[in-house]
Amino acid sequence: NTKVEKQKINSLINNLENIFAKQKKISNNYMKQENIKLFFNLNEEFHKIIYKYVDKEIAFVKIRSFDNHYSRFHLLESLAKTNVHFAIEQHKKTIEAIKSKNYKMLCKVEENLLDNYRVKLKTVYNLYPHYFKYKI
């Protein structure tokens, strides 16, 4: 059982590192319009893989299907280019936490991710006020 679990965690880390490498490469050329959507999609895939690892992929899909506002905000944030370096740093820390089995650090990274969205909401609102029904 531990051998299977070790293979599973190694596969998770491998997949996350592959996505992370692609994101880092894209972030160097992020000003190109065609890379914005790709970066966004890779970011979604990064998080989906984690849900899949803990057998919660259906939950991820359901959350995303009901959360149009989050997806719209995240896409606008990508267009505003406010999330690139933050996402790279968060994903690096996520991989490090998983590798070292430091789940307390992993929870801290996730809390930081949520706090970051609250802060960036104002920036995105100022850039794209016509996408918001209410003033922030």
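How many aromatic pairs does a search of the whole structure find? The search finds 1 aromatic pair, and the legends below start with that pair. The model is predicted.

**View 1. The aromatic pair of Tyr 51 and Phe 60.** A pair of aromatic rings is described by the distance of the centres and the angle of the planes. For Tyr 51 and Phe 60 the centres are 5.1 Å apart and the planes stand at 55° to each other, a tilted pair. The two partners differ in accessibility class: Tyr 51 is partly exposed, with a relative accessibility of 32%, whereas Phe 60 is buried, at 6%.

**View 2. Packing of helices α1 and α2.** Two packed helices are described by the angle between their axes and the distance between the axes. Here the angle between α1 and α2 is about 170° and the axes are 10 Å apart. Angles over 145 degrees count as roughly antiparallel, so α1 is roughly antiparallel to α2. The crossing of these two helices is left-handed. On the α1 side the contact includes Glu 5, Lys 8, Ile 9, Leu 12 and Asn 15, and also Leu 16, Ile 19, Lys 22, Gln 23 and Ile 26. On the α2 side the residues met include Asn 35, Leu 38, Phe 39, Leu 42 and Asn 43, together with Glu 45, Phe 46, Ile 49, Ile 50 and Tyr 53. Sorted by class, the residues of the contact between α1 and α2 are 12 nonpolar, 4 polar and 4 charged.

**View 3. Lys 25 and Ala 21 in helix α1.** Both Lys 25 and Ala 21 belong to helix α1, which spans residues 2-28. Lys 25 is exposed, with a relative accessible area of 62%. Its C-alpha atom is separated by 9.8 Å from that of Phe 39, a residue 14 places away along the chain. Ala 21 is partly exposed, at 46% relative accessible area. The C-alpha atoms of Ala 21 and Lys 92 lie 9.9 Å apart in space, with their positions 71 residues apart in sequence.

**View 4. Packing of helices α2 and α5.** The axes of α2 and α5 are 12 Å apart and make an angle of about 25°. Angles under 35 degrees count as roughly parallel, so α2 runs roughly parallel to α5. The crossing of α2 and α5 is left-handed. From α2 the contact takes in Phe 39, Asn 43, Phe 46, His 47 and Ile 50. From α5 the partners are Val 84, Ala 87, Ile 88, His 91, Thr 94 and Ile 95. The residues of the contact of α2 with α5 comprise 7 nonpolar, 4 polar and no charged.

**View 5. Packing of helices α5 and α6.** Helix α5 covers residues 84-99 and helix α6 covers residues 103-127; their axes come within 9 Å and cross at roughly 165°. The two helices are therefore roughly antiparallel to each other. Their crossing is left-handed. In α5 the contact involves Phe 86, Gln 90, Lys 93, Thr 94, Glu 96, Ala 97 and Ile 98. These meet Met 105, Leu 106, Val 109, Glu 110, Asn 112, Leu 113, Asn 116 and Lys 120 in α6. By class, the residues of the contact of α5 with α6 are 7 nonpolar, 4 polar and 4 charged.

**View 6. Asn 116 in helix α6.** Asn 116 lies in helix α6. At 13% relative accessibility, Asn 116 is buried. With neighbours within four places in sequence left aside, Asn 116 is in contact with Glu 77 and Phe 86.

**View 7. Two residues with positive phi, Asp 55 and Lys 101.** Most residues other than glycine have a negative phi. Asp 55, not a glycine, has a positive phi of about 60°. Asp 55 is placed in the loop between α2 (33-53) and α3 (57-66). The relative accessible area of Asp 55 is 62%, and the residue is exposed. Lys 101, again not a glycine, has a positive phi of about 55°. Lys 101 sits in the loop between α5 and α6. Lys 101 is exposed, with 56% relative accessible area.

Conventions
Residues are numbered from 1 along each chain as its sequence is written. This is a predicted model: local features need pLDDT of at least 70, side-chain atom pairs count only at pLDDT 80 or more; totals for chains, interfaces and linings use all residues. Side-chain values use heavy atoms; hydrogens and water are left out. Axes are lines fitted to C-alpha atoms, for helices over the stretch in contact, and angles run from 0 to 180 degrees between N-to-C directions. Helices (H or I, at least four residues) and strands (E, at least two) are DSSP runs, numbered from the N terminus. Angles under 35 degrees count as roughly parallel, over 145 as roughly antiparallel, 65 to 115 as roughly perpendicular and the rest as oblique. A crossing is left-handed if the near helix is turned anticlockwise from the far one by less than a right angle, and right-handed if clockwise. Contact means heavy atoms within 4.5 Å. Ala, Val, Leu, Ile, Met, Phe, Trp, Tyr, Cys and Pro count as nonpolar, Asp, Glu, Lys and Arg as charged, and the others, Gly among them, as polar. Buried means under 20% relative accessible area, exposed over 50%, partly exposed in between (1.4 Å probe, protein chains only). Rings of Phe, Tyr and Trp (its six-membered ring) pair if their centres lie within 6.5 Å; planes under 30 degrees apart count as stacked, over 60 as edge-to-face and the rest as tilted.
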